[in-house]
Amino acid sequence: MSSDWNPLALHPPSHSEELKVSFPQEHVMLMTLNRPRHLNAMTPQLTTSIAAILSWFDDEPSLWIVIITGEGRAFCAGADLKAWLHNQSSGTANEQESVASSVHGFASISRRHTSCKPMIAAVNGSAYGGGVEMILNCDIVIASEDAVFALPEVKRGVLAAQGVIPRLGRVAGHQLASEMLLLGNSITAIQARDRFRFVNIVVEKSAVVPTALDIAAQINMNSPDSVQSSKEGLVLSQKHHFEEAVQTHSLSLVSKRLYHGANIKEGLAAFTERRKPRWSNPAKL
């Protein structure tokens, strides 16, 4: 265990009971959506809690990875459609403006691109609509063998507008993305891994979170500066053309922190001395 890891010193901001936050492993935060009776469908209160916790997580140097999972038999059923209908019927809904002005997207996750810390989805069960939008913005996805995924918005007269359309098109290709988006049908975890290519690993249900924790532990064997800079490079490659992405990445504050930080010296020294490196928390940007 790192000398600078002390989970008792971590004090996350207050949040709704609809979200559980824990620190099960060195440098790892686990967020569990906690509305099992409602299949973890998103609410404004839950979104606000996720936003506050992730903002705090981004600024906490000792936390390097976040894992997102759901309580019960579902990962996330997406938006609360009954509440959506109420807003539509009462004339209070303004979805187009809401989507356009949303900085981080559905559940404060689906369009989140400001963090260079890895996000792992531990998909314990069904994911629909916004739940899939969240998953497509995670860096690594572990899924239960009985998980199903669907973007059924077209069946409800609404739109998957929080970032999943361009991401799915890029990951799966135009034709397969069209299959999910235009038919609105469910696919299995195996199909999500082998055909649509947005799931990394499929395991039995009881192994989903343990597998995510194992992946997190493997990532954390590497320099957190290098990991975070690598993720930043991937994110920038989605925003810019090749040369601009490379140039922007090479001059970024995250890259500067890597080249001038303690971990680059530690990694090179550990290699020369034939020992395991002892990584330290990245400096605050």
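1. Cavities. This is a predicted model. One cavity of 30 Å³ or more is counted in it. The space in this largest cavity comes to about 40 Å³. Its lining is made up of Trp64, Ile65, Pro118, Ile219, Asn220, Asn222, Pro224, Val227 and Gln228. By class, six of these are nonpolar and three are polar, and no charged residue takes part. Helix H10 gives the largest share of the lining, three residues.

2. Second largest pocket. About 700 Å³ of space lies here. The lining counts 29 residues. Nearest the centre of the pocket are Leu136, Asn137, Cys138, Asp139 and Gln238. The class split is 15 nonpolar, six polar and eight charged residues. So charged residues do line this pocket, whereas the lining of the largest cavity has none.

3. Elements around that pocket. Four elements give two or more residues each to the lining: helix H4 (130-136), strand S7 (140-144), helix H6 (164-172) and helix H10 (224-239). H10 supplies the largest share, six residues. H10 also holds the largest share of the cavity lining. When you inspect the model, H10 is therefore one element to follow through both sites.

4. Main core. The largest nonpolar core has 51 residues. Those with the most contacts inside it are Met29, Met31, Ile50, Met134, Phe149 and Phe198. Helix H1 (residues 44-59) contributes the largest share, six residues. In soluble globular proteins, nonpolar side chains tend to be buried together.

5. Another core. Apart from the largest core lies another, of 18 residues. Ala122, Ile142, Ala207 and Ile219 are among them. Ile219 also appears in the lining of the largest cavity.

6. Serine 49. Which helix holds serine 49? Serine 49 sits in helix H1. Is serine 49 buried or exposed? Its relative accessible area is 6%, so serine 49 is buried, the cut-off being under 20%. Leaving aside residues up to four places away in sequence, serine 49 touches His15, Ser16 and Leu19.

7. Isoleucine 264. This residue is found in helix H13 (residues 262-273). Its relative accessible area is 28%, so isoleucine 264 counts as partly exposed; buried would need a value under 20%, and exposed one over 50%. Isoleucine 264 touches Leu258 and Tyr259, again not counting residues up to four places away in sequence. What separates the C-alpha atoms of isoleucine 264 and tryptophan 279? The distance is 9.2 Å, and the two residues are 15 residues apart along the chain.

8. Overall fold. The chain has 13 helices and 10 strands. Of its 285 residues, 47% are buried. Take contacts between residues at least 6 apart in sequence: 68% of them join residues at least 24 apart.

9. Dimensions. Along the principal axes, the C-alpha atoms fill a box of roughly 65 × 45 × 35 Å. The radius of gyration is 19 Å. A compact globule of 285 residues would have a value near 19 Å, so the chain agrees with that expectation.

Note on methods. Residues are numbered from 1 along each chain as its sequence is written. This is a predicted model: local features need pLDDT of at least 70, side-chain atom pairs count only at pLDDT 80 or more; totals for chains, interfaces and linings use all residues. Side-chain values use heavy atoms; hydrogens and water are left out. A nonpolar core is a set of buried Ala, Val, Leu, Ile, Met, Phe, Trp, Tyr and Cys residues joined through side-chain atoms within 4.5 Å. Buried means under 20% relative accessible area, exposed over 50%, partly exposed in between (1.4 Å probe, protein chains only). On a 1 Å grid over the protein atoms alone, a cavity is a set of points where a 1.4 Å probe fits but cannot get out, and a pocket is an open set with protein on both sides within 12 Å along at least five of seven lines; lining residues have an atom within 4 Å of a point. Grid points are joined across faces, edges and corners, and a volume is the space filled by probe spheres set on the points. Ala, Val, Leu, Ile, Met, Phe, Trp, Tyr, Cys and Pro count as nonpolar, Asp, Glu, Lys and Arg as charged, and the others, Gly among them, as polar. The radius of gyration is taken over C-alpha atoms; the globule rule is 2.2 Å times the number of residues to the power 0.38. Contact means heavy atoms within 4.5 Å.
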